[in-house]
Amino acid sequence: GPRGPAAARDNAGFRHDPVERNIMIREVEGDILLTGAQVIAHGIATHDPFDSGLALALRERFPSMVKDYRHAMHAKQPDTGGIWAWQGVNEDGSTRGIVNLLTQGMQSQDKAARPVKARLEDVNHALRALARYVQDQGIKSVALPRLATGVGALDWAEVKPLIAQHLGGLGIPVMVYEVYRKGQKADEQPA
């Protein structure tokens, strides 16, 4: 049958009344790898080299994620606008989810091809897929960087509202790492 309005969907006990809903997005500064969030989401290209920025930091911290991703990519051609989720283990034994948002394509099929700039439309689709993943998996908190603004070359002023649109109404804390400071734990507590 037809889907009811969002306000009716409160099976988790959250009120999804659009007027009342709490946009739980916090802008923080620090090292996203030290986040207390259950999941780190970040943007990559479909055949990303994982050789710069946060992608490189994640590869150094979770080398098996990159191996698993490459394996998955050989099995099935990835599409921009999708996501690829992975579970790893932190140093303290807790699980860490990494959600790779496929915000960029590649110059060509060539082995040496570099990622191209991100398209806002693909970022939008990937964030929508992330929101679905959060709901389906019962994720309690998410951290993300200034998505698609590095290699992706998009304007943060255009990307930021999409994060609020897709993740702001989920009823969970969303930490946006506006400034990266290596080795520095951000203050993620609500003021």
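Two strands count as paired if DSSP finds at least two bridges between them. With that in hand, here's a quick tour of this predicted model. Its six strands build one open sheet with mixed pairing, and helices α2 and α4 come into the story too, with α2 packing on that sheet and α4 lying across β1, β5 and β6.

**The sheet as a whole**
- Reading across the sheet, the strands come in the order β1-β6-β5-β2-β4-β3.
- At the edges sit β1 and β3 (83–89), each with pairing on one side only.
- Ignoring direction, neighbouring strands here are turned against each other by 30 degrees on average.
- As background, the strands of a sheet pair through backbone hydrogen bonds, in either a parallel or an antiparallel way.

**Strand β6 and its partners**
- Strand β6 covers residues 174–180 and is mostly covered up, with five of its seven residues buried.
- On one pairing, β6 meets strand β1 (residues 25–30) in the parallel sense, over six bridges.
- In that pairing, glycine 30 stands opposite tyrosine 180 of β6.
- Strand β5 (residues 142–145) also runs parallel to β6, and four bridges join the two.
- Here alanine 143 has methionine 175 of β6 as its bridge partner.

**Helices on the sheet**
- Helix α2 (residues 63–75) packs on the sheet and touches β2 (39–45), β3 and β4 (95–104).
- The direction of α2 makes about 145 degrees with that of β3.
- Helix α4 lies across β1, β5 and β6, and runs at about 160 degrees to β6.

**Where α3 meets α4**
- Helix α3 (residues 120–137) packs against helix α4 (residues 156–167) at an angle of about 25 degrees, and their axes are 9 Å apart.
- Angles under 35 degrees count as roughly parallel, so α3 is roughly parallel to α4.
- The crossing of α3 past α4 is right-handed.
- From α3, the contact uses Leu120, Val123, Asn124, Leu127, Arg128, Leu130 and Ala131.
- From α4, the contact uses Glu158, Val159, Leu162, Ile163, Gln165, His166 and Leu167.
- Sorted by type, the residues of this α3 and α4 contact are nine nonpolar, three polar and two charged.

Notes: Residues are numbered from 1 along each chain as its sequence is written. This is a predicted model: local features need pLDDT of at least 70, side-chain atom pairs count only at pLDDT 80 or more; totals for chains, interfaces and linings use all residues. Side-chain values use heavy atoms; hydrogens and water are left out. Axes are lines fitted to C-alpha atoms, for helices over the stretch in contact, and angles run from 0 to 180 degrees between N-to-C directions. Angles under 35 degrees count as roughly parallel, over 145 as roughly antiparallel, 65 to 115 as roughly perpendicular and the rest as oblique. A crossing is left-handed if the near helix is turned anticlockwise from the far one by less than a right angle, and right-handed if clockwise. Contact means heavy atoms within 4.5 Å. Ala, Val, Leu, Ile, Met, Phe, Trp, Tyr, Cys and Pro count as nonpolar, Asp, Glu, Lys and Arg as charged, and the others, Gly among them, as polar. Buried means under 20% relative accessible area, exposed over 50%, partly exposed in between (1.4 Å probe, protein chains only).
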